[in-house]
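Work through the following exercises with the coordinates open, and try each task before reading its solution.

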Amino acid sequence: LMISVGHRAGLFGAMREMTPATSGEIAAKANLNERYVREWLGAMVTGRIIEVDPSSGRFSLPAEHAAFLSRPAGADNFAVFAQYIPLLGSVEDDIVECFRRGGGVPYSKFPRFHAVMAEDSGQSVLSALQSHIVPLVPELAQRLADGIQMLDVGCGRGRIINRLAELYPRSRFTGIDLSSEAILSAWEEAAEKKLRNVEFIVGDLSRFDRTAEFEAFDFVTTFDAVHDQAKPLNVLRGIHRTLRPAGVYLMQDIKGSSHIHQNLDHPLGPLLYTISCMHCMTVSLAQDGEGLGAMWGEEKTREYLEKAGFRSVEKKQLAHDIQNNWYVVRK
């Protein structure tokens with residue numbers, strides 16, 4: 001929780017650039033209240049994240065810690081993911097009530113969800129988009145450069161396709177998401193970047209298998225999105241329907257097994273089940289959905305892809321990404 005606070009308040013970034021300093025000097029550098037900074041420093045020092053010199057009362061952030069806790073760290077910034085703790089904790093009362101009565105907690109109860117997810121995808125996807133993710137599909141970079149139609153299903157704030165639209169101006173990009181707030185943010189970024197080859201649509205994907213107005217696409221993506229849906233199989237059937245015969249569907253989803261006992265050694269197992277229980281599963285159930293959950297696992301993923309009509313599923317992994325599987329899927 002305190003790592004999240006330090007990230008959002010800019011304290012790690014401020015201390016990264018400072019020589020050993022007092023709490024007052026740190027507060028002044030970050031333009032914050034000294035009393036709060038001093039108490040936060042107490043948590044960081046006793047957590048062995050920040051060091052204090054007892055003789056001078058000065059605090060320092062070791063370089064090897066700053067390398068994983070500040071925005072200049074880029075994709076290595078662990079502090080981004082700490083934001084899930086207060087985000088999920090904010091709905092604890094609602095979740096406990098769901099344990100008693102069933103049902104779910106809707107997206108509207110998570111006001112910062114899309115902001116945190118956008119920052120998360122900026123870490124795990126945007127930073128590796130051109131170097132690692134596009135190359136997962138043979139010749140995709142050349143096809144995008146020549147000009148194709150792409151659809152991102154569950155696009156959130158659209159940061160991924162806005163970036164692709166910058167990189168590949170001859171291609172056209174469409175994003176669809178349930179959240180009007182997220183779609184507005186996507187349009188705003190596209191306008192700021194003066195992009196002419198993107199389109200964003202607010203849409204409920206529960207009936208995507210029967211949504212007739214979508215044209216055929218050469219390339220479809222979902223980035224950590226399918227398991228949150230009310231009707232995930234309908235989403236996958238819709239993707240199959242809208243994908244051209246020679247098209248490719250790239251699916252990023254959580255790495256894990258569909259069987260709990262096979263996730264005992266998963267380094268992120270407890271965190272992923274917690275996020276699933278307190279967000280992914282519950283937002284689906286709030287829509288009278290299936291409540292598949294983030295840890296639906298590879299076995300069920302393959303089962304659903306087969307039920308949706310796909311015949312070729314190739315799993316790929318990225319060395320730096322311990323959280324996700326990447327499926328290259330074809331008809």
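The exercises below concern a predicted model, and each solution goes step by step.

**Exercise 1. Salt bridges within helices**

Task: Determine which residue pairs with R101 in a salt bridge, and where the two residues lie.

Solution. As background, side chains of opposite charge can pair when their charged atoms come close. Start from R101, whose salt-bridge partner is E97, with 2.8 Å between the closest N and O atoms. Next, place the pair in the secondary structure: both residues belong to helix α8 (residues 92–101), where they are 4 residues apart, about one turn of the helix. Then compare their surroundings: R101 counts as exposed because its relative accessibility is 71%, and E97 counts as partly exposed because its relative accessible area is 31%. Finally, look beyond the pair, since E97 and R101 are linked with R100 in a network of salt bridges.

Task: Carry out the analysis for E166, and say which residue forms a salt bridge with it.

Solution. The partner of E166 is R163, and the closest N and O atoms of this salt bridge are 3.4 Å apart. Both residues lie in helix α12 (residues 159–167), with a spacing of 3 residues, about one turn of the helix. E166 is partly exposed at 33% relative accessibility, and R163 is partly exposed as well, with a relative accessible area of 34%. A further salt bridge joins R210 to D209, the closest N and O atoms being 3.8 Å apart, and R210 is exposed at 51% relative accessibility. To set these examples in context, a search of the whole structure finds 19 salt bridges.

**Exercise 2. Two packed helices and the loop between them**

Task: Describe how helix α3 and helix α4 pack, and state which residues make the contact.

Solution. Two packed helices are described by the angle between their axes and the distance between the axes. For helix α3 (residues 23–30) and helix α4 (residues 34–46), the angle is about 115° and the axes are 9 Å apart. The crossing of α3 and α4 is right-handed. On the α3 side the contact is made by S23, G24, I26 and A27, and on the α4 side by E34, V37, R38 and L41.

Now turn to the connection: N31 is placed in the loop between α3 and α4. Most residues other than glycine have a negative phi, and most peptide bonds are trans. Against that background, the phi of N31 is positive, near 60°, and N31 is exposed at 70% relative accessibility. A second residue to examine is K194, which is not a glycine and yet has a positive phi of about 60°. K194 lies in the loop between α13 (180–192) and β5 (198–202), and is exposed at 66% relative accessibility.

**Exercise 3. Surroundings of three helix residues**

Task: Decide whether L11, N162 and P232 are buried or exposed, and list what each one touches beyond its sequence neighbours.

Solution. Begin with L11 in helix α2 (residues 11–16), which is buried because its relative accessible area of 2% is below the 20% limit. Leaving aside residues within four places in sequence, L11 is in contact with G6, I26, A30, L32, V37 and W40. For W40, which is 29 residues away along the chain, the C-alpha separation from L11 is 9.6 Å.

Continue with N162 in helix α12, a residue that counts as buried at 0% relative accessibility. With neighbours within four places in sequence left aside, N162 is in contact with R157, A186, E189, A190, L195, V198 and F200.

End with P232, which lies in helix α14 (residues 232–242) and is buried at 0% relative accessibility. Not counting residues up to four places away in sequence, P232 touches V226, E290, L292 and Y304. As for A165, it is 67 residues from P232 in sequence and 27 Å away in space, C-alpha to C-alpha.

**Exercise 4. A nonpolar surface patch**

Task: Identify which residues form a nonpolar patch on the surface, and characterise L271.

Solution. The patch is formed by L1, M2, V5, I85 and L271, which together have about 400 Å² of accessible area. Within this group, L271 is placed in helix α15 (residues 269–285), and L271 counts as partly exposed because its relative accessibility is 32%.

Technical notes:
Residues numbered from 1 in each chain as written. Predicted model: local features only at pLDDT ≥ 70, side-chain atom pairs only at ≥ 80, totals over all residues. Heavy atoms only, no water. Patch = residues over 30% accessible without salt bridge, like charges linked within 9 Å, V, L, I, M, F, W, Y side chains within 5 Å. Areas by Shrake-Rupley, 256 points an atom, 1.4 Å probe, with all protein chains shown as cover. Salt bridge = Lys/Arg side-chain N within 4 Å of Asp/Glu carboxyl O. Buried < 20%, exposed > 50% of the residue type's maximum accessible area, 1.4 Å probe, protein only. Axes fitted to C-alpha atoms, helices over the stretch in contact; angles between N-to-C directions. Left-handed = near helix turned anticlockwise from the far one by under 90°. Contact = heavy atoms within 4.5 Å.
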